[in-house]
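Reader: Hi! I'm new to reading structures and would like a close look at just one part of this one. Could you walk me through it?

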Amino acid sequence: MPEDPIVAVEGIAVRRPGALILREVSLELRSGEAVGLFGANGSGKTTLLRVLATLTRPSSGGGTVLGASLGTDAVERVRPRIALVAHDPALVANLTLGENLRLLALLAGRGVDDATRSLEAVGLSGASGRRAAVCSNGMRRRAEFARVMLAAPDLLLLDEAHVGLDPAAGDLVAHIVESVTGRGGGVVIVSHERERVGGLIDRSLTLADGRITEVGR
Amino acid sequence: MTLWRQAALLLGFQLRDELRTGEVIAVVIPFGSIALLVIPMAVGIETTLLARIGPGMYWAVVLLFGVVVTQRSTASSTPSHRDALVLLGVDPAARFAATAAASALLLLLFEIGVGLVMIVLYDPVVVGWGWLALVLPLVAIGLAMLGTIAGSVTDGGGALAPLLVAPLAIPILLGAAQATEGLRLGAGILRWILVLALVDVVLALAGVLTARLLEESSR
């Protein structure tokens, strides 16, 4: 019997006053698969990612994410299995990187040691006591990946994950993507840099004006 | 994890964030004290008049500057942080409780700091100071919850939040002012304590029951 897909959505539309952000988008993400999502600014990539993260309710269309039907209370049960790395880091500026990770670890029901280990894993153990506000963009991005490691998600959604990262950190992204797909999860990567993420994905989708216009390898 | 455990964790980190920025202690409390200082300059230094109007002026300052305390920058998260908390499964009611509790503690600090300035400058006659141990927290809790709800409705506060809080805080201001006036006259103030407590209960219910709805509408 085939495994349930990580994501199976069909006919997704998202309307905002005066604008149709997504129209008739259908997408299936299978277990162990990584998909690249490309498109110009304003094409609807981030909105689609937020729909998949269950943070934006579609205006029409539906489907399931990790087996939970979109738009129902069931999504609350699967949310802890989803990690979203957005444009802006999910860090409190005046807390240190260590404090930020500890807060998230404790809220996730994990231990303080897990937060320390995840910071070590992304090469930030020496910066644990530094406030997020005075860290470079690259360090904040690495801290975001520490958050992902802490969450060990079944669905990882990366929005421009390579922005502000040096080549070594690029390897870190590859490691995280492989660890999620390797244990049967799914990954969606939004990017403008096809060359940089090309080696990480199994197939690509291109969005234009809220529609999927191209499906690649 | 229980709602209360989530709220306690968020409260601890929010207070740490606030202590680092020092927005309330270093800015709002001195600014409120200056407001109390300029009033005697405007109305004239007549000690009897000042002693009579002191408590009223104090509560007006607590209300107006209290809104600033509840809308401080550390009371709202960035959208990304909010999303991360949602995905962790943090109950919106826990976020409301944590933010309101942090605001209430800071408001209490504000009330005490500015209250001492008011006593020095206005020398009010108040009998039964012990009652203030009940009035001050009740006002702080009420204003904190009102400000937190307004911050959610206006998605992070902004200029609209004070406009929303000020008229809705009238029952709190009325209860507080009448209670201290009762203390000045040596009259009973139990009914005003009950008014303040009732307002707090209503706001707590409103905050908890609307937390999820307000969070979803802000996404």
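Author: Sure, let's take chain B, bearing in mind that this is a predicted model. Going along the sequence, chain B reads α-α-α-α-α-α-α-α-α. In other words, chain B has 9 helices and 0 strands.

Now for its overall form. If you draw a box along the principal axes, the C-alpha atoms of chain B fill roughly 60 × 35 × 25 Å. The radius of gyration of chain B is 18 Å, and that agrees with a compact globule, because one with 219 residues would come out near 17 Å.

What about the inside? Of the 219 residues in chain B, 49% are buried. Look at the contacts in chain B with a separation of 6 or more, too: 84% of them join residues 24 or more positions apart.

On the outside, chain B exposes about 9900 Å², and 74% of that comes from carbon and sulfur atoms. As for charge, chain B carries 11 positive and 13 negative charges, and the mean positions of the two groups are 4 Å apart.

Chain B also has a partner. It meets chain A through 22 residues of its own, while chain A brings 29 residues to the contact. Together the two chains bury about 2400 Å², with 61% of it on carbon and sulfur atoms. If you want residues to click on, try B:Phe13, B:Arg20 and B:Leu87: they supply 29% of the area that chain B buries against chain A, more than any other three residues.

Key. Residues numbered from 1 in each chain as written. Chains lettered and ligands numbered in written order. Predicted model: local features only at pLDDT ≥ 70, side-chain atom pairs only at ≥ 80, totals over all residues. Heavy atoms only, no water. Helix = DSSP H or I, 4+ residues; strand = E, 2+ residues; numbered from the N terminus. Rg over C-alpha atoms; globule rule 2.2 N^0.38 Å. Buried < 20%, exposed > 50% of the residue type's maximum accessible area, 1.4 Å probe, protein only. Contact = heavy atoms within 4.5 Å. Areas by Shrake-Rupley, 256 points an atom, 1.4 Å probe, with all protein chains shown as cover. Lys, Arg positive; Asp, Glu negative; His and termini not counted. Charge placed at Lys NZ, Arg CZ, Asp CG, Glu CD. Buried area = accessible area lost by both parts, 1.4 Å probe.
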